Amino acid sequence: MNFNNILNHLEEADPEVYEKLSPRRNVLKNFGRVTLLTALPFALGAYFKKAYGKNTGTVADALNFALTLEYLEAGFYNTAMVTNAGLIPASDQAVFNTILKHENEHVAFLINTLATLGSAPIIKPKFDFTAGGTFSNVFSDYPTFLAVSQTLEDTGVRAYKGQVTNLKSAPDVLTAALQIHSVEARHASHVRRMRAAAGATLADGTPLKPWITGSQSGIASAAVQASYNGEDLTTQAGVKMIGLDGQDISANAASEAFDEPLDMNTVLAIVNPFMI
Amino acid sequence: MKQKIVSSQVEEILETTEVRSDVSRRHFLQLAGGIAGAGILLAACKKSNDDNTGKAPAGSSISVGSGDTGVLNYAYVLEQLEAAFYERVVLSPYANISPDELRLLTDIKDHEVAHREFYKTVLGSSAIAGINTDFSSINFSDRTSVLTAARAFEDLGVSAYNGAGRLLQSSTYLLMAGKIASVESRHAAYLHDIISNGTFADSSVVDNNGLDLSRTPAQVVAAASVYINNKIDVSNLPNI
């Protein structure tokens, strides 16, 4: 995974990024991009901590991380709605108006929450919604747009879930994060259903479902698979769910019944290609 | 308890039969009838035990308890309610149900059963008794009646999980609650949509900050009480 994009963004937003990442500034600046990229997923977590988490620790880190994702989603839908008129059929405009409205509200809410905590919000990143050309027709081909939308929403659900335990010290923030988390899941459910109506299927040929079956994306692109890996768990908190207590619980049902979290570094690796 | 009594009665009957070899045909039939009846009783008990570890008496009060155990029992109440509802929906679907709706409502039933069994298993001996459901206000042969109730259950479940996360001390169970909460949200959005497409996250559930509903346990059990023939006592849960 190439983290140059995130580095570029961080450098632009904060010229002192390297200093914050490591006291050995010159080492990172001169050689970091070549030699230290493999260490960056870990360094980025530390960056959020050091740069933005001075006052409230993991809570502010989690919120700035969430804000990054909300900026991405809001920017994605805004570009689709405003600058690519004609992409979204008239019959689906209301749906994406609703989703865009929510993502904008999440951005505003997170900025306000960070301000309340006395922490600086990150600067809005610049995005490449084609992910470096992987989804080159995302704003001209509606099925591609829907596939990326589904992936962003499902990833958002996993990202928020991955942060809930970091918010335990701030109950009100935790509740709000859960309230956003469930809205993202509602979005995902609807977009998945739109894709099913347009013919998206699971591996067995049956229509894609509003919930996640195994680790299947229902999208014919390996590029999105990182957002679905690990969703196929059938053991939860040590409890083997298949056929539990004599009930007819299949592997598919067991995996669908529980959505899985993703940690910050995994999510950052997924969204990095979308960042300039 | 019931099962033990019935078993000992059967043993007594068998013993009696063996000892009294001169039993009259009429008496034998009476005994046989008794044994057959006991068999049905045993089967009934077994079924109840499969669903829940014995049901609480109808109308009785059930305290979910305190601390994390209490929160998990509270979630267990909701999952029992949802699972029982969808089990009935799938057992006798509403008139003219489409194959796609039957497929996905069966999925939801399976998910809720999985959630119910998960809580029952992790709670172990701390699990509350099975609740008595009361679905008399729902017309199970009518699509609108069923789906409206289902949507209400799911929205209530989402708001319950959103409100309960802060009450959990264990990170493991907080994460588990999160894993289930988003699946309930997917269900909720689906039910909104098949009642009225595009209402997956409408203003009835999402506010102007883009936040879904959150409810306290007291608010949730009050809303669920019409469907539960037990008083669910959540007064000992944490108040954070």
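# A walk through chains A and B

Let's start with chain B: take its contacts (C-beta atoms, placed from the backbone, within 7 Å) between residues at least 6 apart in sequence, and 77% of them join residues at least 24 apart. Before you click on, note that this is a predicted model, where local features need pLDDT of at least 70, side-chain atom pairs count only at pLDDT 80 or more, and totals for chains, interfaces and linings use all residues. Residues are numbered from 1 along each chain as its sequence is written, while chains are lettered from A and ligands numbered from 1 in the order in which they are written.

**Stop 1: chain B as a whole**

Select chain B and colour it by secondary structure. You'll find seven helices and two strands; these are DSSP runs, numbered from the N terminus, with helices being H or I of at least four residues and strands E of at least two. Read from the N terminus, the order is α-α-β-α-α-α-α-α-β. Of the 240 residues in chain B, 42% are buried, meaning that 20 or more other C-beta atoms lie within 10 Å of a residue's own (12 or fewer is exposed, in between is partly exposed; C-beta atoms are placed from the backbone).

**Stop 2: α4 and a loop residue in chain B**

Now pick residues 99-123 of chain B, which form α4. This helix has 25 residues and spans 36 Å from first C-alpha to last, close to the 36 Å expected at 1.5 Å a residue; the expected span is 1.5 Å times one less than the number of residues. Right after α4(B) comes B:G124, with a positive phi near 55°.

Next, click B:N197, in the loop between α6 and α7 (217-224) of chain B. Is B:N197 buried or partly exposed? It has 15 C-beta neighbours inside 10 Å, so it counts as partly exposed. Draw a distance from B:N197 to B:L81: their C-alpha atoms are 26 Å apart, with their positions 116 residues apart along the chain.

**Stop 3: where the chains touch**

Show both chains. Here 47 residues of chain B are in contact with 49 residues of chain A. On the chain B side, the elements giving two or more residues are α4 (99-123), α5 (143-164) and α6 (171-195). The largest share, 17 residues, comes from α6(B). Colour that side by class and you get 21 nonpolar, 16 polar and ten charged residues. The classes are nonpolar for Ala, Val, Leu, Ile, Met, Phe, Trp, Tyr, Cys and Pro, charged for Asp, Glu, Lys and Arg, and polar for the others, Gly among them.

**Stop 4: chain A and its helix α7**

Hide chain B. Chain A has ten helices and two strands, running α-α-α-α-α-α-α-α-β-β-α-α from the N terminus. Of its 276 residues, 51% count as buried.

Zoom to α7(A): it has 22 residues and reaches 32 Å from first C-alpha to last, close to the 32 Å expected. Since 19 of those 22 residues are buried, α7(A) is largely enclosed by the rest of the structure.

**Stop 5: α7 against α10**

Finally, add residues 264-271 of chain A, helix α10, to residues 142-163, helix α7: their axes come within 9 Å and cross at roughly 155°. (Axes are lines fitted to C-alpha atoms, for helices over the stretch in contact, with angles from 0 to 180 degrees between N-to-C directions.) That makes the pair roughly antiparallel, the word for angles over 145 degrees. Show A:T155, A:A159 and A:G162 of α7(A) with A:M264, A:V267 and A:I270 of α10(A), which make the contact. By class, they divide into four nonpolar, two polar and no charged.

Conventions: Two residues are in contact if their C-beta atoms, placed from the backbone, lie within 7 Å. Angles under 35 degrees count as roughly parallel, over 145 as roughly antiparallel, 65 to 115 as roughly perpendicular and the rest as oblique.
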